[in-house]
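Me: I am new to this structure and would like to understand the words used to describe it. Could you take me through the reasoning behind them?

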Protein chains: 2
Amino acid sequence: MTRDDHRAADAADPLAICRAQFALPAGLLYLDGNSLGPLPHATVAAMTDMVERQWGQRLIRSWNEGWIDAPTRLGAKIAPLIGAHSHEVIVGDSTSVNLYKLLSAALRVDPQRRVILSEAGNFPTDLHVAEGAVAAVPGASLRVVDRSAIADALADDVAVLLLTHVHYKTAERFDMVALTRATHEAGALVLWDLSHSVGAVPVDLTAAGADLAVGCTYKYLNGGPGAPAFLYVAERWQDRLASPLSGWMGHVEPFAFTDAYAPSRGMKRWLAGTPPMLAMAALEASLDVWAGIDRHTVWEKSAALWTILADAGRAAGLECVTPADPAHRGSHISFRHPAAYAIAQALIARGVIGDFRDPDILRLGLTPLYLGHEDVWRAGEILRNVIADRSYTAPEYRQRQAVT
Amino acid sequence: MTRDDHRAADAADPLAICRAQFALPAGLLYLDGNSLGPLPHATVAAMTDMVERQWGQRLIRSWNEGWIDAPTRLGAKIAPLIGAHSHEVIVGDSTSVNLYKLLSAALRVDPQRRVILSEAGNFPTDLHVAEGAVAAVPGASLRVVDRSAIADALADDVAVLLLTHVHYKTAERFDMVALTRATHEAGALVLWDLSHSVGAVPVDLTAAGADLAVGCTYKYLNGGPGAPAFLYVAERWQDRLASPLSGWMGHVEPFAFTDAYAPSRGMKRWLAGTPPMLAMAALEASLDVWAGIDRHTVWEKSAALWTILADAGRAAGLECVTPADPAHRGSHISFRHPAAYAIAQALIARGVIGDFRDPDILRLGLTPLYLGHEDVWRAGEILRNVIADRSYTAPEYRQRQAVT
């Protein structure tokens with residue numbers, strides 16, 4: 001494929017018009033939207049309205065002018081992106097905190113089932129939070145197995161299977177339908193972490209029959225650094241599970257100010273403290289960018305972009321650890337190399353931002369809303385050059401930073 | 001006291017210059033800064049920089065350019081406002097979530113002590129979260145007594161005394177020094193909720209010998225709606241307590257991506273998920289307003305403003321439920337009246353924003369950074385008129401809204 005071929009693909013791309021909605025620095029090839037999505041232009045105006053009018057001018061009155069419903073309103077905007085009903089999703093707290101809520105609740109469904117089953121090498125916070133959740137339930141434990149052994153490890157003591165749908169390092173994707181079915185046949189619940197899936201690959205929680213899910217909104221959804229996370233509970237579980245973080249915003253009547261806690265009906269019981277309205281405003285603006293965008297078109301383009309980088313990596317002699325079959329992967333590509341950190345730094349120096357994951361993974365995100373075919377081809381050419389001319393071996397690229 | 005007396009007090013007020021730092025609507029008398037502080041002008045510029053430059057232009061690189069240290073940097077800026085050392089405070093999550101972390105940890109210090117003791121009528125989320133925390137510890141329970149009975153209820157099964165320093169309804173203030181001492185003599189820990197204290201009354205956690213504290217930053221600190229909360233752990237407890245919400249940001253090496261959780265040393269172990277950077281930027285700007293402001297000057301002015309409203313309430317024949325002795329109260333004044341809700345609405349219609357707390361409390365906040373003596377006197381005159389002319393009895397003022 002030549003540069004002209006990629007230009008032709010861009011000319012025919014129905015998503016090409018989306019690029020203008022994002023404020024990306026000129027000349028930068030940003031392949032890290034799987035870590036922190038870029039700023040939508042609409043967010044700038046939304047933040048100004050939130051800060052200067054809603055907070056600055058309307059002050060406390062804004063709670064009755066849209067703020068108090070933000071967690072459910074934003075949840076309803078995320079629902080179509082994950083195949084959920086609008087009343088099954090709510091926004092608030094972080095992915096870590098939401099994992100704790102749902103894992104703690106799932107451990108209390110059946111006293112005979114006290115095991116959280118998960119994948120070795122899952123995103124660390126998932127396993128760390130699972131450790132915290134089992135520590136709060138007598139007899140509970142965390143069982144971690146290789147991803148190939150998960151189906152066989154669904155023993156009759158498993159309360160909940162916790163899986164990250166798309167792996168943060170390798171981009172390997174679990175078969176959500178098959179594993180949800182296997183989990184249910186084993187009598188357990190499944191909790192899907194959709195942090196690397198939502199806005200990237202098609203997700204249909206309803207079709208899969210999933211029980212619980214959480215996900216991050218600052219990656220492919222572009223909600224801003226540290227944006228509030230979402231939480232999904234299938235309708236059939238909503239009255240049977242309750243949050244251990246029983247804060248006032250989850251109370252059935254938060255403004256009755258009663259001493260005793262009584263959980264709200266529906267998803268509001270998963271709220272804890274006061275919603276973070278500045279962050280909610282940014283996230284809402286970024287979700288509105290997604291309205292009207294066809295998720296399957298996004299995924300088809302992602303697969304095409306992936307192939308461009310896979311070809312470049314192959315030409316450079318890099319080991320690709322992401323599955324070649326699109327059905328088995330997410331929307332980033334990862335190469336294993338002993339100098340992966342230095343390569344990532346050398347790419348940044350040449351205007352290509354990707355990232356590094358310990359110990360040896362170079363990770364490049366493919367985000368169809370603001371990356372074109374030619375962009376990704378250029379990034380691939382730069383990658384080939386960095387490998388070919390061994391410029392990554394320069395000493396300055398070995399200096400580790402606090403956040404890698 | 002005449003209007004001229006109040007004008008003279010304003011002319012002599014060293015805090016009068018602070019008013020220009022806040023963006024308050026013209027003509028509005030805002031006596032609800034104890035619920036949601038107003039917008040500092042500096043926050044507007046700080047948010048623009050955060051959104052457009054740090055996020056929009058620097059993107060993921062900003063994590064190494066100040067973001068990752070924001071929780072401890074902001075904690076250090078709150079520390080002088082509560083008499084803490086800079087390494088004893090961290091910012092993140094909500095007050096509710098932080099309460100859960102600290103209560104859960106305190107319940108695990110001594111297996112013979114499994115009771116959370118608190119005040120009946122405490123702010124609801126404190127009691128609600130305490131219910132959630134005891135549910136996760138076998139044999140643990142929540143004991144709630146009248147505020148006058150607290151010292152006597154410090155039995156040898158009490159793990160932690162949870163008190164809100166200044167009461168959200170009545171503004172009654174506990175004697176922090178005496179109750180901390182009594183708690184220690186009884187062998188328990190004390191956790192102070194400073195939500196209605198910080199930025200309002202002088203607090204010295206170090207001098208009191210307090211163990212644990214949390215607090216809200218969107219009231220007197222003006223951090224913005226739903227701003228991240230803070231959490232304090234006295235240095236002597238920092239290595240002995242751990243968070244049940246063991247997320248990756250609390251890990252000793254968050255970017256080593258290891259499966260097993262190991263808590264960070266110091267305060268970082270109380271972090272869970274990714275810091276909410278947009279909200280952190282707003283909060284940091286508001287904390288910088290406090291730099292150089294003498295807390296005792298703020299409190300002296302608050303006491304003077306309080307007297308103005310107390311006099312107006314007395315003239316109007318209202319029952320004041322806030323203690324007359326400044327040492328026993330916070331920085332708001334509350335009147336009990338069966339039509340308190342309607343009175344609050346009638347005041348809003350006349351440009352005075354206070355609020356209502358179920359079932360019969362009219363609450364007016366006294367915030368010396370942006371309220372002058374004449375402002376408060378005018379609010380008092382309007383309160384007197386609303387009571388005298390019974391305009392609050394109009395039907396439109398009885399219509400309850402979602403958030404009261």
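Reply: Happy to. This is a predicted model. A good place to begin is chain B, where the axes of helix α1 (residues 3–11) and α11(B) come within 7 Å and cross at roughly 150°.

Me: Why is α1(B) called roughly antiparallel to α11(B)?

Reply: Angles over 145 degrees count as roughly antiparallel. The two axes cross at roughly 150°, so α1(B) is roughly antiparallel to α11(B).

Me: Which residues of α1(B) and α11(B) meet?

Reply: From α1(B) come Arg3(B), His6(B), Arg7(B), Ala9(B) and Asp10(B), and they meet His373(B), Glu374(B), Trp377(B) and Arg378(B) of α11(B). By class, this contact has two nonpolar, two polar and five charged residues.

Me: What makes α9(B) roughly parallel to α11(B)?

Reply: Here the angle is again the clue. Helix α9 (residues 295–316) of chain B packs against helix α11 (residues 373–388) of chain B at about 20°, and their axes are 9 Å apart. Angles under 35 degrees count as roughly parallel, so α9(B) is roughly parallel to α11(B). The crossing in which α9(B) passes α11(B) is right-handed.

Me: Which residues bring α9(B) and α11(B) together, and how do they divide by class?

Reply: On the α9(B) side they are Lys301(B), Ala304(B), Leu305(B), Ile308(B), Leu309(B), Ala312(B), Ala315(B) and Ala316(B); on the α11(B) side they are His373(B), Val376(B), Trp377(B), Ala379(B), Gly380(B), Arg384(B) and Ile387(B). This contact of α9(B) with α11(B) has 11 nonpolar, two polar and two charged residues.

Me: Let us turn to chain A. Why are α4(A) and α5(A) called oblique?

Reply: Helix α4 (residues 95–106) and helix α5 (residues 124–135) of chain A have axes that come within 9 Å and cross at roughly 45°. Angles under 35 degrees count as roughly parallel and those from 65 to 115 as roughly perpendicular. An angle of roughly 45° fits neither of these ranges, nor the one over 145, so α4(A) and α5(A) are oblique to each other. Their crossing is right-handed.

Me: Which residues make the contact between α4(A) and α5(A)?

Reply: Ser96(A), Leu99(A), Tyr100(A), Leu103(A) and Ser104(A) belong to α4(A), while Thr125(A), Asp126(A), Val129(A), Ala130(A), Gly132(A) and Ala133(A) belong to α5(A). They divide into six nonpolar, four polar and one charged.

Me: How do you know that the two copies are related as by a two-fold rotation axis?

Reply: Look at the superposition. Chain B is placed on chain A by a rotation of 180° with 0.0 Å of shift along its axis, and the RMSD is 0.0 Å. The two copies are thus related as by a two-fold rotation axis. In chain B, the C-alpha nearest that axis belongs to Ala136(B), 2.6 Å from it.

Me: Why can one say that the copies meet through the same surface?

Reply: Because 100% of the interface residues of chain B are also interface residues in chain A, the copies meet through the same surface.

Me: How is chain A divided into domains, and how many residues are in contact?

Reply: Chain A has domain 1 (3–30 + 294–398) and domain 2 (46–290). Taken over C-alpha atoms, the centres of the two domains of chain A are 29 Å apart. In the contact between them, 26 residues of domain 1 touch 22 residues of domain 2.

Me: Where are the cis peptide bonds that join Asp358 and Pro359 in chains A and B?

Reply: In chain A the bond joins Asp358(A) and Pro359(A), with omega about -5°, and Pro359(A) lies in the loop between β12 (355–357) and β13 (361–365). In chain B the peptide bond from Asp358(B) to Pro359(B) is cis, with omega near -5°. Pro359(B) is in the loop between β12 (355–357) and β13 (361–365) of chain B.

Me: What is notable about the phi of Asp93(A)?

Reply: Asp93(A) is not a glycine, yet its phi is positive, about 55°. This residue sits in the loop between β2 (89–91) and α4 of chain A.

Conventions: Residues are numbered from 1 along each chain as its sequence is written. Chains are lettered from A and ligands numbered from 1 in the order in which they are written. This is a predicted model: local features need pLDDT of at least 70, side-chain atom pairs count only at pLDDT 80 or more; totals for chains, interfaces and linings use all residues. Side-chain values use heavy atoms; hydrogens and water are left out. Axes are lines fitted to C-alpha atoms, for helices over the stretch in contact, and angles run from 0 to 180 degrees between N-to-C directions. Helices (H or I, at least four residues) and strands (E, at least two) are DSSP runs, numbered from the N terminus. A crossing is left-handed if the near helix is turned anticlockwise from the far one by less than a right angle, and right-handed if clockwise. Contact means heavy atoms within 4.5 Å. Ala, Val, Leu, Ile, Met, Phe, Trp, Tyr, Cys and Pro count as nonpolar, Asp, Glu, Lys and Arg as charged, and the others, Gly among them, as polar. Copies are superposed by least squares on the C-alpha atoms of residues with pLDDT of at least 70 in both. Domain bounds come from an automatic or database domain assignment.
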